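Biologist: Could you walk me through this one? I'd like to go over the chains and a few odd spots.

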2 protein chains.
Amino acid sequence: MSAAARAAAAVDRDRLWQLHMDFAALGATPGGGVNRQALSPEDIAARRHMVAWAGRRGFNVATDDFGNLFVRRAGRDRTAPPVVSGSHLDSQPKGGRFDGAYGVLAACEALAALDDAGIVTERPVEAVAWVNEEGSRFSPGMMGSAIYAGLRRLADTVDVLDPDGVRLGDALAAFLAATPDVSRRPFGLPLAAYVEAHIEQGPRLEAARRTIGIVGGIQGMRWFELSIAGRDAHAGTTPRAARRDAMRAAAEAVTAMAAATDDAGDALRFTVGRFVARPGSPNTVPGRVDFTIDLRHPDDATLDATAARLRTIVTATAGARDCMADMREIFTAAPTLFDATVVGAVRRQAEALGLAHMDIFSGAGHDAMWMARLCPTGMIFVPCAGGLSHNEAESATPEDLAAGTRVLAACLVELAGAA
Amino acid sequence: MSAAARAAAAVDRDRLWQLHMDFAALGATPGGGVNRQALSPEDIAARRHMVAWAGRRGFNVATDDFGNLFVRRAGRDRTAPPVVSGSHLDSQPKGGRFDGAYGVLAACEALAALDDAGIVTERPVEAVAWVNEEGSRFSPGMMGSAIYAGLRRLADTVDVLDPDGVRLGDALAAFLAATPDVSRRPFGLPLAAYVEAHIEQGPRLEAARRTIGIVGGIQGMRWFELSIAGRDAHAGTTPRAARRDAMRAAAEAVTAMAAATDDAGDALRFTVGRFVARPGSPNTVPGRVDFTIDLRHPDDATLDATAARLRTIVTATAGARDCMADMREIFTAAPTLFDATVVGAVRRQAEALGLAHMDIFSGAGHDAMWMARLCPTGMIFVPCAGGLSHNEAESATPEDLAAGTRVLAACLVELAGAA
């Protein structure tokens, strides 16, 4: 039996589930979910819980100046760059028990399984908890991994305020002070590879009855702000012919743009998430509508072509109602393609374990997106009930969580090398 | 020359314009409009100005317990119910110089013209300023005329608060105290007839190059609140096939409903004035959309049939996106048909004066709507630039204002009877 197979076999389903339930208690909501926003007292409790867990298992713990937390299982070569796995412990305000937490706890369980199986790896293996992935308290998200990877400067984040006016820098100081015994390491230390386990947050694995998603990358994303400007008018006295009705124009534009993104393969993601008609009085024809478009696809050229098409549609639709349309791109993230070696390792180990699997592209952003800029990176998805996420009802089975963790443990051994 | 013709001829265009400019100074805004909300210090100033004007002209003034102000020119029969004309002096927060004020000042100028022409009418003729027509400070509007007509109770309005928390009852006490010398009269004293002059607040007179709108009535109005409920979902991970996208369903519903109200005669008024997608995050597929419909038409049966059709459309459109639609009627006002005698008087006098005129139905509500429940009622519209109203840029010409006032003065003589 290979070291990878022994590591996978040592993964303990019930112990992993219990670890999830222990963390789910930190910020538990009456609705069965978790409210553990970044740098909050609940997030501090989770951090202390992870440090305590590592202490009990005899692993070293380190943190950086943003509070990203690393639990290290030494390798034969103590100076080699580690193979790292993890995700985040912070949640949405009404989040679930698995989004983020699973990736951290699967990595912890994998370290424990390697110990239990008596495996010595060539490289060190680390579990990491990145700080503020969600961005729901301090915007934007994926902040800890971005700072670690050198894509964002710590100094540029400390003055960000949460909705209550609390400075990120102050919340961070309290967060770091809560674990004074943890040693510091600099940002950007080289990693040999990064593998992140996560619930899919979508319905495809469940629908296809597969346990493991072999994640090829993360789809590209564009955000747009759109405005349609017409003229406020009295709802009672203004005939249709005299209206410049921004609301009607916007409804027609959204209808036409959505229809234009109805691709046969259902790969293009078109979402109007925010839409407000102004001035917003029932008896005034709206002179202005503001809305957003979130557009995603694995292929950048498709995003380019679709954005151009949407722009043409909204301009023409607004013009037909004597309105003016404006469409501004406010955010863009190019598609991320994961490393062939890491993706190959996930595929090999899923197959070796005889688990039903499928290739999948991530619809959501993850810390792995930034790690992919730093080192060979991949991800492992497991199903979640109904594809539901960012929701207190988010749910996954102990079996699926354990299966993903077995693949992860085996991958970590493969990537770190059995000594 | 008939008495009606002499009254019309005595209308003084420049004096009428100056009266408008004097009142426009009370609450003048930097943008050239008027902010004279009901029962405000500016509204009190306008009230005192009107009382002073009446005093200078030697007319008696009376008020009721809601502050509706009546300026009386006696008739030969001093006990006969008066013929009354007027409108309101309160404005929108960013209102214009003519909405409401014109109807009051035209009536005042008509009284002055009758005096100047030495006409004795059989019945008394009164100019009235109804309190709180706009409803922008104390909701709802058309309050003074509704209370006078017995359609609303004073006691039910005194606890209404303005946006700053001021009680209507307290503001009303100050309003009444500002003119302590004015005698009180009860609500609901019988009126022989009511004629209200108003700017059109729409573009039809201007477009048709007519000076006088002979108003046949006020179109009926229905207000609806609609909700479309789907399911919040992640914009990145949720394929189209798995979405219950309330935003897309609502855009399609508004598009289809608007198309269904595109009547050939452009008489049906369909307005979606408020539209909000929830939760309103750019990267969340909205699970709920709330919007309003304001539907107006002169004919109640058409409103019934159209409302039923809209309900069918929204239910089907939402259902096709796996969403649920709900449509609730929150307000209804039946169409008002004005009295044939009063409408006939307006037509006769417009024709006698050789003024270009057209039949028109009011798209907006007016105090005349409640007066029509009490006595024979009609209205006279004059053009306003671009149909613009509820706007600081609201504009009308001295010539058109005078023409409408000539028709009004002649109508008042016809309805009150030349002694």
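**Domains and overall build**

Modeller: Chain A is assigned domain 1 (3-218 + 335-416) and domain 2 (220-333), with bounds that come from an automatic or database domain assignment. This is a predicted model, where local features need pLDDT of at least 70, side-chain atom pairs count only at pLDDT 80 or more, and totals for chains, interfaces and linings use all residues. Residues are numbered from 1 along each chain as its sequence is written, while chains are lettered from A and ligands numbered from 1 in the order in which they are written.

Biologist: What separates the centres of domain 1 and domain 2 of chain A?

Modeller: 37 Å, taken over C-alpha atoms.

Biologist: And how many residues of domain 1 of chain A are in contact with domain 2 of chain A?

Modeller: Five residues of domain 1 of chain A are in contact with seven of domain 2 of chain A. Contact here means that the C-beta atoms of two residues, placed from the backbone, lie within 7 Å. On the domain 1 side, the residues that touch domain 2 of chain A are two nonpolar, three polar and no charged. In that split, Ala, Val, Leu, Ile, Met, Phe, Trp, Tyr, Cys and Pro are nonpolar, Asp, Glu, Lys and Arg are charged, and the others, Gly among them, are polar.

Biologist: How many helices and strands does chain A have?

Modeller: There are 12 helices and 17 strands in chain A. Both are DSSP runs numbered from the N terminus: helices are H or I with at least four residues, strands are E with at least two.

Biologist: What is the radius of gyration of chain A?

Modeller: Chain A has 24 Å, which agrees with the value near 22 Å for a compact globule of 419 residues. The radius is taken over C-alpha atoms, and the globule rule is 2.2 Å times the number of residues to the power 0.38. Along the principal axes, the C-alpha atoms of chain A fill a box of roughly 80 × 45 × 40 Å.

Biologist: What share of chain A is buried?

Modeller: Buried residues make up 59% of its 419 residues. A residue is buried if 20 or more other C-beta atoms lie within 10 Å of its own, exposed if 12 or fewer, and partly exposed in between, with C-beta atoms placed from the backbone.

Biologist: Tell me about helix 12 of chain A. Is it buried or exposed?

Modeller: 17 of the 19 residues of helix 12 of chain A are buried, so this helix is largely enclosed by the rest of the structure. Helix 12 covers residues 398-416 of chain A and reaches 26 Å from its first C-alpha to its last, close to the 27 Å expected at 1.5 Å a residue; the expected span is 1.5 Å times one less than the number of residues. Just after helix 12, Gly417(A) takes a positive phi of about 80°.

Biologist: OK, switching to the two chains. How many residues of chain B are in contact with chain A?

Modeller: 49 residues of chain B are in contact with 48 of chain A. Helix 8 of chain B gives the largest share of the side that touches chain A, with seven residues. That side of chain B divides into 19 nonpolar, 19 polar and 11 charged residues.

Biologist: Why say the copies meet through the same surface?

Modeller: Because 98% of the interface residues of chain B are also interface residues in chain A.

Biologist: What turn lays chain B on chain A?

Modeller: A turn of 180° with a shift of 0.4 Å along the axis, giving an RMSD of 0.3 Å. The two copies are thus related as by a two-fold rotation axis. The superposition is by least squares on the C-alpha atoms of residues with pLDDT of at least 70 in both.

Biologist: Now the odd spots. Which peptide bond in chain A is cis?

Modeller: One is from Ser139(A) to Pro140(A), with omega near -5°. Pro140(A) sits in the loop between strand 4 (125-130) and helix 5 (143-148) of chain A. In chain B, the bond from Ser139(B) to Pro140(B) is cis too, with omega near -5°.

Biologist: Where is Asp322(A)?

Modeller: Asp322(A) is in the loop between helix 9 (300-320) and strand 14 (324-333) of chain A. Its phi is near 60°, a positive value in a residue other than glycine. Asp322(A) counts as partly exposed, with 15 C-beta neighbours inside 10 Å.

Biologist: And is Arg209(B) buried or exposed?

Modeller: Arg209(B) is exposed, with 9 other C-beta atoms within 10 Å. Arg209(B) has a positive phi of about 55° although it is not a glycine.
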